[in-house]
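Good morning, and thank you for joining this meeting. I shall present one protein structure, beginning with the chain as a whole.

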Amino acid sequence: MDNHIYPKAKDLIALFLILMIFMIGMGIFVGVFQFIPGVSITPTIQSIQNLVGYTLSLLATIWYAARKSKRQHPDTFSLDFNAFPLWLIPVLLLSTLAMTVAMERLSSLIPMPDSVARFFEGLFRKDIYSIIMFSIAAPILEETLCRGIVLKGLLQNYSPRKAIIYSAIFFALIHLNPWQSIPAFFAALFLGWVYYKTKSVIPGMIIHAVNNSTAVALMFLPKEQQDYLSWLGMPAYIALCIISVIVFIASIMLMQKRLSWYQK
């Protein structure tokens, strides 16, 4: 019997495929309504379908991974919704907002074809259901899976550095496209480090929610102003980048110092 803590790096391949199977299956399930005679598929209905399909596929994957982990080690299994020091909340808010400035440029490293841009525009429809999916459902479900199960298991099988990198690769892959995967990888390094320091998925949910909500808010602006550079202009954007780097580094240093004491 294999006594390792689930998952190891090789298990992430199977978990990724399981997630894809659930996503395709749920997509087919919610998509059949388009073929029912007399049913009109409005943009609102499509947003609801996206939310339901995404939520059910992530919940099914979490159930699968949690079941695997709990079966191997039933006495120690938990999803780590643990308490953490409240002073961390404003630090997380500031550091995440600073991080979003650099993340925006990462996603533009690879030019996005017009067809892909139109696909993303269609996926987010500027309604309450899309906001819930990106700003609430994604932070809760993805952090539960990627940090509460995946990274927690990896940390018990590998050094913290390797575990955080492996989990970041998995987090990048589940976004399925390079325009989201590149910034997702670097964000996951920060998310993983915060989880390692706090042993709680809740700080990661805060980071994830702030990051996604910032992107959602920008999408409500006119198309030509949906990035910081177009919105602010070059001089103000450069100043913002400098301030953001300083804030992010200062936040990391503060968390490193105080969370090390908190862990003890």
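I will describe the overall fold, then the nonpolar core, then one helix, and finally a patch on the surface.

Please bear in mind that this is a predicted model. The protein chain holds 10 helices and zero strands. Read from the N terminus, its elements therefore run as an unbroken series of α, as both the element order and the helix definition indicate. Of the 264 residues in the protein chain, 42% are buried. Consider next the contacts between residues at least 6 apart in sequence: 81% of them join residues at least 24 apart. The accessible surface comes to about 14,000 Å², and carbon and sulfur atoms account for 71% of that area.

Let me turn to the interior. In soluble globular proteins, nonpolar side chains tend to be buried together. Here, the largest nonpolar core comprises 49 residues, and Leu145, Phe170 and Met255 are those with the most contacts inside it. At least two residues of this core come from each of α1 (11-31), α2, α3 (88-106), α5 (128-155), α6 (160-173), α7 (178-198), α8 (202-219) and α10 (234-263). Which helix gives the most to this core? That is α5, with 11 residues.

Methionine 255 deserves a closer look. If we set aside its neighbours within four places in sequence, methionine 255 is in contact with Trp87, Leu88, Val91, Leu92, Ser95, Phe190, Trp193 and Ser260.

Phe170 brings us to helix α6, where it is one of the buried residues. The others there are Ala163, Ile164, Ser167, Ala168, Phe171 and Ala172. What covers the buried residues of α6? The cover includes α1, α5, α7 and α8. As to its geometry, α6 has 14 residues and reaches 20 Å from its first C-alpha to its last, close to the 20 Å expected at 1.5 Å a residue.

Finally, I come to the surface. Phe29, Val52, Leu56 and Leu59 form a nonpolar patch there, and together they have about 330 Å² of accessible area. Helix α2, residues 43-72, gives the most to this patch, with three residues. Leucine 56 lies in helix α2. Is leucine 56 to be called exposed or partly exposed? Its relative accessibility is 33%, so leucine 56 counts as partly exposed, given that the partly exposed class lies between the 20% limit for buried and the 50% limit for exposed.

Helix α2 thus appears in both settings: it supplies at least two residues of the core, and it gives three residues to the surface patch.

How values were computed:
Residues are numbered from 1 along each chain as its sequence is written. This is a predicted model: local features need pLDDT of at least 70, side-chain atom pairs count only at pLDDT 80 or more; totals for chains, interfaces and linings use all residues. Side-chain values use heavy atoms; hydrogens and water are left out. Patches are made of residues with over 30% relative accessible area and no salt bridge: like charges are joined within 9 Å, nonpolar side chains (Val, Leu, Ile, Met, Phe, Trp, Tyr) within 5 Å. Accessible areas come from the Shrake-Rupley method with a 1.4 Å probe; for residues, only the protein chains shown count as cover. A salt bridge is a side-chain nitrogen of Lys or Arg within 4 Å of a carboxyl oxygen of Asp or Glu. Helices (H or I, at least four residues) and strands (E, at least two) are DSSP runs, numbered from the N terminus. Buried means under 20% relative accessible area, exposed over 50%, partly exposed in between (1.4 Å probe, protein chains only). A nonpolar core is a set of buried Ala, Val, Leu, Ile, Met, Phe, Trp, Tyr and Cys residues joined through side-chain atoms within 4.5 Å. Contact means heavy atoms within 4.5 Å. The expected span of a helix is 1.5 Å times one less than its number of residues.
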